[in-house]
Amino acid sequence: MPTYRAPRGTRDLLPADRAVFDRLMRIAADLTARYGFRPIETPLFEQTAVFERGIGEITDVVEKELFRIAPRTEEAESWALRPEPTAGIMRAYVQHGMQTWPQPVKLTTTGPMFRYDRPQAGRYRQFWQFDVEAVGDAGPAIDAEVIELGHRFYTEAGVRDVEVLVNSIGDPACRPAYVETLKAHYRGHVATLPPTERDRLERNVLRLLDSKDPDMAALNAGAPRITDHLCDACAAHFESVKAHLDALGVPYRVDSGLVRGLDYYTRTAFEFYVAGREGQQQALGGGGRYDGLVELLGGRPTPGIGFGLGLDRVALVLAEQGVVAEVETAPLAVVVGADPEDTVGRLRVATLLRAGGLRARADLGRRKLGRQLEAAGKDGAHFAVILGDELADGQVQVRDLQAGTQRLVAMGDLIRDLARAEGSHKHG
RNA sequence: GUGGCCUUAGCUCAAUCGGCAGAGCAUCGGAUUGUGGCUCCGAAGGUCACGGGUUCGAGCCCCGUAGGCCACCCCA
């Protein structure tokens, strides 16, 4: 067992893993560009208050999962690693006066998030999210646009059977009354509530709705639904979001038990799952509308909507579904030589090829030719450029490692020859 | 944060009743002159996760810790 290892809940993305992430990030960047979102980077840590105010102090994310940074001096500011990107981006929106930009401001970012909870497969203390935020448009059309974008990301990534769950969780005009109605419903059955659920009754009743406790099933079935208690404005908004989703052909299912764990959400809430694997653990992504957040962070009242998609989980599902991303990392050519000691010659030719724009490696180990060729083959190289006596006539052997054929090529023609071969390889 | 299962070489796994830590793959080297994939030979690779206890003797039994996984909690 090694002396040092990656901290609990973190992992190394080895080249094969990293290639999968690169591909996902490329898809995200390409997709968001097409939809008019512009990339933004905010710090990996913020003043703790940004998260406490924004996300809500009585949420699990802040209460027990926030990665707090120990202050270095007594008067130091209190910082925490970001558990999600939205609060930081909205902080930036306010700080830089983005309300003076053409609205809506559409932003995207992809990067690591941090939550101090107990690790499990697909659940890490450092995990990656692809995030999108559209600020300054009250919807409902843009709600559907954002949901459709999220859904399309999975499609382009190659994830099969992704299902969208949507709900409306009301707004300050109607949610408080609904919360009281819901509390009243459960209070009538306090005695039958499991201990953990009883504890949540007064603190956050909405959470009882998505409880997986079998004893709660019957009770939840009879519980009043938020969608039956929306104010007129929220109800109309929700209907319109659904109509837009229908028009766009996005497959979705209304789940009136869907609530979100962060306080800032209003009205539209949605999550993405692989069909048949609903249940909080396996969420591939989620998001919603947060019309009160900018104001909470000191800005003018500004509506907004966005989502965060978990890249680690997407990678996990892709692996489960057997989707493999072919990424070209193998060199086009490896320069080998008959004289093991002539590293100068091999490196010089490789440098020449690289200067010509080709992916080339030189075998700098001092081993015999056979070993060099063997290593080149294992590396997945298409060609081996073999340096030998022919150099005296200004020629090298170019061996096609897959076909097992080889021919003499003049040094002066080498770059053009290999470049042409690369092109024909790519096209079959 | 709660409960359970697990941890032996880089990877996948063996090791009889408590009695000398092994294999396959991968890595590196060799098989008479400048040609890979197959084959053969060899080398290297271990604090048996870590710490304690029981025992003549512990990879194996007991306790603790760490890490991973599973179910919760909750999120991505």
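**Close-up 1. Phe270 is buried, at a relative accessible area of 0%.** This is a predicted model, as are the views that follow. Phe272 is buried too, again with a relative accessible area of 0%. Both residues belong to one aromatic cluster, whose other members are Phe130, Phe153, Tyr154 and Phe307.

**Close-up 2. Phe67 meets Tyr116 in an edge-to-face pair.** The structure holds nine aromatic pairs, and here we zoom in on one of them: the ring centres of Phe67 and Tyr116 are 5.2 Å apart, with 85 degrees between the planes. Phe67 sits in the loop between α3 (60–63) and β3 (68–69), while Tyr116 sits in the loop between β5 and β6 (126–135), so this pair ties together parts that are 49 residues apart in sequence. For another example, look at Phe270 and Phe272: their planes are at 75 degrees and their centres 5.7 Å apart, so that pair is edge-to-face as well. Back at the loops, Phe67 is partly exposed, with 24% relative accessible area. Tyr116 is also partly exposed, at 43%.

**Close-up 3. Arg125 puts its charged end over the ring of Tyr116.** The distance from that charged end to the ring centre is 4.0 Å. Tyr116 therefore turns up twice in these legends, with Phe67 as its partner in an aromatic pair that links two loops and with Arg125 over its ring.

**Close-up 4. Lys242 lies over the face of Phe238.** Here is another charge-and-ring arrangement to look at, with Lys242 at 4.5 Å from the centre of the Phe238 ring.

**Close-up 5. Gln103 and Pro104 are joined by a cis peptide bond.** Omega is about 0 degrees for this bond. To find the spot, follow the chain out of α4 (86–95) towards β5 (105–114): Pro104 is in the loop between them.

**Close-up 6. Asp161 has a positive phi, although it is not a glycine.** The phi value is near 60 degrees. Asp161 belongs to the loop between α5 (141–157) and β7 (162–168). With a relative accessible area of 54%, Asp161 is over the 50% cut-off and so counts as exposed.

**Close-up 7. Arg267 is another non-glycine residue with a positive phi.** Its phi is near 50 degrees. Arg267 is part of strand β9, which runs through residues 266–274. Is Arg267 buried or exposed? Its relative accessibility is 14%, which is under the 20% cut-off, so Arg267 counts as buried.

**Close-up 8. Ala19 and Thr329 have C-alpha atoms separated by 9.2 Å.** Along the chain, these two residues are 310 residues apart. Ala19 is in helix α1, made up of residues 15–34. At 15% relative accessible area, Ala19 is buried.

**Close-up 9. The domain assignment of chain A gives domain 1 and domain 2.** Step back from the side chains for this one. Domain 1 takes in residues 15–174 together with 230–320, and domain 2 covers 333–426, according to the assignment. The C-alpha centres of domain 1 and domain 2 lie 49 Å apart.

Definitions and conventions. Residues are numbered from 1 along each chain as its sequence is written. Chains are lettered from A and ligands numbered from 1 in the order in which they are written. This is a predicted model: local features need pLDDT of at least 70, side-chain atom pairs count only at pLDDT 80 or more; totals for chains, interfaces and linings use all residues. Side-chain values use heavy atoms; hydrogens and water are left out. Helices (H or I, at least four residues) and strands (E, at least two) are DSSP runs, numbered from the N terminus. Buried means under 20% relative accessible area, exposed over 50%, partly exposed in between (1.4 Å probe, protein chains only). Rings of Phe, Tyr and Trp (its six-membered ring) pair if their centres lie within 6.5 Å; planes under 30 degrees apart count as stacked, over 60 as edge-to-face and the rest as tilted. A charge sits over a ring if NZ of Lys or CZ of Arg is within 6 Å of the ring centre and within 35 degrees of the ring normal. Domain bounds come from an automatic or database domain assignment.
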